[in-house]
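Biologist: Please take a close look at a single part of this model, namely its core and the elements around that core. I am new to the structure, so a connected account would be welcome.

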Amino acid sequence: MKTIIKNQNGFTLIEAMIAMMVLAVGILAINTMHISSTRGNASANKLTIAGSTGENIYETLTNQSYSDAVFDVGAHTISELTGFVLPGSISAATWNVTQWSNTDTVDNDGDGTTDEDDESDIKFVTLTMTYTDATAKTLTVNFLKSEVY
Ligand SMILES: [Ca+2]
Ligand SMILES: [Ca+2]
């Protein structure tokens, strides 16, 4: 007895094209994800470098004495730290020093009371690393330097 196979049509051209379109959309989505993942990695790398550079500068600065010129009130640049080389991705590293006082009628430490003893002989330092990601970015570290008696 003969077996008759009725449907030998396979896929039509339209069906094959639809399958290819679905596959193409999927591949595009994966590609987009890959691109954003690569950008995210590059961005995180630059932020990490900015963070570790900030840590190095912070350590270098805090090793100086309270009266050192690096803690003079005002703006400072990395050129004041002799021999310190910035990584290529960091375009600038600067710090600004302000002097706290217990006679300036300002609540320097923000605890609601002005002119306390714990506001005297303290310098407030804002350290800023500038780098370029997709746009110009900065990473800021604030710390206090106090006079040691
Ligand atoms: Ca205060
Ligand atoms: Ca206080």
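**The core and its surroundings**

Modeller: Of the 149 residues in the protein, 8% are buried (20 or more other C-beta atoms within 10 Å of their own; exposed means 12 or fewer, partly exposed in between). The model is predicted: local features need pLDDT of at least 70 and side-chain atom pairs 80 or more, while totals for chains, interfaces and linings use all residues. Residues are numbered from 1 along each chain as its sequence is written, with chains lettered from A and ligands numbered from 1 in the order in which they are written.

The overall frame comes before the core. One helix and four strands are present in the protein (DSSP runs of at least four and at least two residues). Read from the N terminus, the elements follow the order α-β-β-β-β. Along the principal axes, the C-alpha atoms fill a box of roughly 110 × 40 × 25 Å.

The start of the chain may be taken next. Phe-11 belongs to the segment before helix H1, which spans 13-62. Phe-11 counts as exposed because it has 10 other C-beta atoms within 10 Å. Between Phe-11 and Val-22, 11 residues apart along the chain, the C-alpha atoms are separated by 15 Å. According to an unreviewed UniProt entry, residues 12-30 are listed as "transmembrane region". In the model, the chain over residues 12-30 is 95% helix and 0% strand, with its end C-alpha atoms 28 Å apart.

The strands form the other side of the picture. There are four of them in an open sheet, ordered S1-S2-S3-S4, with antiparallel pairing (at least two DSSP bridges between two strands). Strand S1 (74-77) and strand S4 (136-146) lie at the edges, since each pairs on one side only. Between S2 and S3 there are 10 bridges in the antiparallel sense, and in this part of the sheet Ala-93 stands opposite Met-129 of S3. Strand S3, covering residues 122-132, pairs with S4 over 11 bridges, again antiparallel. Thr-130 has Thr-138 in S4 as its bridge partner. The hairpin formed by S3 and S4 has three residues between the two strands.

Helix H1 packs on this sheet and touches strand S2 (90-100), S3 and S4. The largest nonpolar core (buried nonpolar residues joined through C-beta atoms within 7 Å) comprises nine residues: Ala-50, Ile-57, Leu-61, Ile-90, Ala-93, Trp-95, Leu-127, Met-129 and Tyr-131. At least two residues of this core come from each of H1, S2 and S3. Ala-93 and Met-129, which stand opposite each other in the sheet, are both members of the core.

Ile-90 gives a view from inside the core. Leaving aside neighbours within four places in sequence, Ile-90 is in contact (C-beta atoms within 7 Å) with Ile-49, Ala-50, Thr-53, Met-129 and Tyr-131. Of these partners, Ala-50, Met-129 and Tyr-131 belong to the core as well. For the protein as a whole, contacts between residues at least 6 apart in sequence include 53% that join residues at least 24 apart.

Notes: Two residues are in contact if their C-beta atoms, placed from the backbone, lie within 7 Å. Axes are lines fitted to C-alpha atoms, for helices over the stretch in contact, and angles run from 0 to 180 degrees between N-to-C directions. UniProt positions are given in the numbering used here, feature names are shortened, and annotations may be inferred rather than shown by experiment.
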